[in-house]
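Hi,

Here is the structure I said I would pass on. Have a look first, and my notes on its cysteines follow below.

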Amino acid sequence: MNFLHGKIRSAVFLFMAMILGIALSLLLSQIIWMKSDELRVKAYTEMLLKHAEAVASNITDALHSIEKTSTLDCSNTTIQELKKIVFTYEFVRDAGITTNKRIKCSALWGEIPSSYEFSGSNTTTKNEVTLWQNIPSYAIANTLIDVSTKNNVYVVTAQNAFSAYENPPNDIHSKITSTDDSMIMHSIGVEQKNPHSLVTSSFRTCSKLYDICITSKVHSNIFSMPNLGTILFLVFLGSALGHLTWYAAKQKNKQKNSIESKLKTAIYTNKIDLEYQPIVHIKTGNLRGIEALSRWHDESLGTIQPDVFIRKIVEMDLSNKFNQNTILNSIGECSNFLKQNPKLYISINIDCEYLIQKESIFTLTSTARKYDIPTHQIALEILENSTTDTSTLNSKIDTLRNLGFKIFIDDFGTGYSSLAYLSSLKFDKIKIDRSFTQAAGTNSPTASVLVNINDIANTMRTLVIFEGIETTLQKEAILAFNPNALGQGWLFSRSVPLNQIKQNY
């Protein structure tokens, strides 16, 4: 059932991640789209302003040219001069002479017989040019013209002055206005119905030379039929992004739930428990000491065997922290028990690599002092298969023994230099590995080796503890050649919480 629930949760998370990925992809695309529109409308507006300045310059120069003519009397000579000006200036459609806002004559139509007076919307620029916007034509009925006047001359702006910009790209709408926006000189493109839409970008710029400003807007949305292919690609990209996020989260969660991650957390949160196994006088069953043994149970991984997680600790380079925790916790837990039983000791497994660290002796002595435990009630078990330099290790062992701590060699017989250890290092006891102990009482060669190891230890005046005693046959066989032997194993007790030790002994 939990497996099924996990699958459902994973599928829901995948679905939500893909939906979120699609939404995020579309949102970011729209933002990028709008940023692109901002750059595009800015570039278009600046380009249009340059053209508008060119038109204004062309018209202004035409007005100045007309003013420079010798006479302004609408003579044939003047008409001819006006025609030259019209043909010379690109953005001028017609030009002529006025009196009191009335046209006297023009380059294209000569003298104007009927009275025509400028009227309508107008504004005067800082260059003293009056602009008349969309006023009725004096020559062609039902036609509107744009006229610029100065003193007694005028020019008509060519209708094609902005023809190159009449079809702006991608929904751009521009207005060419006076600086104060009182007059719209020209409008380009179709203005959107909702100019304040979130998908509208705008830009405004004004000329430094003329009373002209350009305001442009672009109403553009990636969510439109022409962009259907792009949208489908973004949906695919967003779903892929969501799937990748789901996979990354799943891997992170998997890593978080891995034995390495959980073990590291357990060590740094002090969640590795301790149990204690009695060390007894085999013949009488009297308690002589207890060995602290680490135990780890994780809610999701279950109970992890010590040989598995201790090997992981070494691989992850967490031995120092683990050993320090073991010292602090075991002495702290057993302090009252040791005080009540001054003839007993606690045996703690320590890596040689930690033992040679500077802080190891300080941790041991300060912890013993903190709980007021005599150092002779604390024994340190080290493995004989350590590759630590023997001289360095021997120096540390001497220091610890001088401080009163007992030193045991653990799992004797399994290392590559058992006799070398016995001869070069000073130990208070050796603990014979269970692989030898369990051969006791049999006819195997290992049983003979067990007796020989006991004889060697006696010769070197080193006490022996037999590990892993599980049967009465093994017990009796060991007592046959060592009546005062010490031992530990399931025959006497498994490792148990300290309270059970107190109850049983």
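**Notes on the disulfides**

With a torsion of 105° about the S-S bond, the link between Cys206 and Cys213 is right-handed. Before going further, please keep in mind that this is a predicted model.

The sulfur atoms of Cys206 and Cys213 sit 1.9 Å apart, and the two residues form a disulfide. As for the surroundings of this pair, Cys206 is partly exposed, at a relative accessible area of 35%. Cys213, on the other hand, is buried, at 0%.

How many disulfides are there? The count comes to 2, and here is the other one: Cys74 is joined to Cys105, with an S to S distance of 2.0 Å. This pair ties together distant parts of the chain, 31 residues apart. Cys74 lies in the loop between α1 (2-67) and α2 (76-88), while Cys105 belongs to strand β2 (residues 102-106).

Is the disulfide of Cys74 and Cys105 left-handed or right-handed? The torsion about its S-S bond is about -85°, so this one is left-handed. Cys74 has a relative accessible area of 8%, and since anything under 20% counts as buried, Cys74 is buried. Its partner Cys105 is buried as well, with a relative accessible area of 0%.

Counting bonded cysteines along the chain, the disulfides follow the pattern 1-2, 3-4.

Two more cysteines to look up while you have the model open: Cys334 is buried at 0% relative accessibility, and Cys352 is also buried, at 2%.

Cheers

Definitions and conventions:
Residues numbered from 1 in each chain as written. Predicted model: local features only at pLDDT ≥ 70, side-chain atom pairs only at ≥ 80, totals over all residues. Heavy atoms only, no water. Disulfide = S-S within 2.5 Å. Helix = DSSP H or I, 4+ residues; strand = E, 2+ residues; numbered from the N terminus. Buried < 20%, exposed > 50% of the residue type's maximum accessible area, 1.4 Å probe, protein only.
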